[in-house]
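Colleague: I would be grateful for a close look at one part of this model. Please begin with the residue you consider a suitable starting point, and then place that part within the whole.

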Amino acid sequence: MQKTAQKEAPVDTHYLQRSITLEITDGGMTAEVESTAEYAAYQEYGTRFMKGKPHIRPAFEEQKEKFKADMKELVR
């Protein structure tokens with residue numbers, strides 16, 4: 001998901017791409033992808049002056065489908 005979000009992030013200085021991080025905890029049972037750039041939410045959702053350029057949400061939706069497929073495979 002991190003790589004997809006980085007690939008889809010709007011690019012000007014690459015700061016937004018570099019700010020998207022992955023943290024794995026709980027012995028690999030929990031993963032968190034976030035952007036620490038202070039303007040990341042404006043890029044994701046937009047403002048009244050500009051349209052958003054979603055990159056985290058599409059990456060999540062893609063990963064969610066992969067996760068569901070993996071879970072179905074495990075319970076077979």
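Modeller: I begin with Lys-3, which sits in helix 1, the element spanning residues 2-8. The coordinates belong to a predicted model, and every value below is computed from them. Lys-3 has a relative accessibility of 67%, and it is therefore classed as exposed, the cut-off being over 50%. Its C-alpha atom lies 14 Å from that of Glu-61, a residue 58 positions away in the sequence.

Gln-6 belongs to helix 1 as well. Its relative accessibility is 22%, so Gln-6 is assigned to the partly exposed class. Once neighbours within four places in sequence are set aside, the contacts of Gln-6 are with Gln-17 and Ile-20. The second of these pairs can also be described by its backbone: 14 residues separate Gln-6 from Ile-20 along the chain, while their C-alpha atoms are 6.5 Å apart.

Ile-20 leads to the interior. It is a member of the largest nonpolar core, which comprises nine residues. Ala-5, Ala-9, Leu-16, Val-33, Ala-37, Ala-40, Ile-56 and Ala-59 complete that set. As background, nonpolar side chains in soluble globular proteins tend to be buried together. Within this core, Ala-40 has contacts with Leu-16, Ser-35 and His-55, again leaving aside neighbours within four places in sequence.

Helix 3, covering residues 40-45, contains Gln-43. What is the relative accessibility of Gln-43, and is this residue buried or exposed? The value is 15%, and Gln-43 consequently counts as buried, since the limit for that class is under 20%. Beyond its neighbours within four places in sequence, Gln-43 is in contact with Pro-10, Leu-16, Met-50, Gly-52, Lys-53, Pro-54 and His-55. Leu-16 and His-55 thus appear in the contact list of Gln-43, and both appear in that of Ala-40.

The loops deserve separate attention. His-14 occupies the loop that links helix 1 to helix 2, the latter being residues 15-19. Although His-14 is not a glycine, its phi is positive, at about 75 degrees. For context, most residues other than glycine have a negative phi. With a relative accessible area of 40%, His-14 is classed as partly exposed because that figure falls between the two cut-offs of 20% and 50%.

Asp-26 provides another case of positive phi in a residue other than glycine, with a value near 55 degrees. Asp-26 is located in the loop between strand 1 and strand 2. Its relative accessible area is 56%, and Asp-26 is exposed for that reason. The loop from strand 1 (20-25) to strand 2 (30-35) also holds Met-29. Met-29 reaches a relative accessibility of 72%, so this residue likewise counts as exposed. Met-29 and Ser-19 are 10 residues apart along the chain, and 23 Å separates their C-alpha atoms.

These parts may now be set in the overall fold. Four helices and two strands make up the secondary structure of the protein. Read from the N terminus, the order of elements is α-α-β-β-α-α. The radius of gyration is 14 Å, whereas a compact globule of 76 residues would have one near 11 Å. Along the principal axes, the C-alpha atoms fill a box of roughly 50 × 25 × 20 Å.

The totals for the chain complete the description. Of the 76 residues, 25% are buried. Among contacts with a separation of 6 or more, 30% involve residues 24 or more positions apart. The accessible surface amounts to about 6,000 Å², and carbon and sulfur atoms account for 54% of that area. Charged side chains number 12 positive and 13 negative, and the centres of the two sets are 7 Å apart.

Note on methods: Residues are numbered from 1 along each chain as its sequence is written. This is a predicted model: local features need pLDDT of at least 70, side-chain atom pairs count only at pLDDT 80 or more; totals for chains, interfaces and linings use all residues. Side-chain values use heavy atoms; hydrogens and water are left out. A nonpolar core is a set of buried Ala, Val, Leu, Ile, Met, Phe, Trp, Tyr and Cys residues joined through side-chain atoms within 4.5 Å. Buried means under 20% relative accessible area, exposed over 50%, partly exposed in between (1.4 Å probe, protein chains only). Contact means heavy atoms within 4.5 Å. The radius of gyration is taken over C-alpha atoms; the globule rule is 2.2 Å times the number of residues to the power 0.38. Accessible areas come from the Shrake-Rupley method with a 1.4 Å probe; for residues, only the protein chains shown count as cover. Lys and Arg count as positive and Asp and Glu as negative; His and the chain ends are not counted. The place of a charge is taken as NZ of Lys, CZ of Arg, CG of Asp or CD of Glu.
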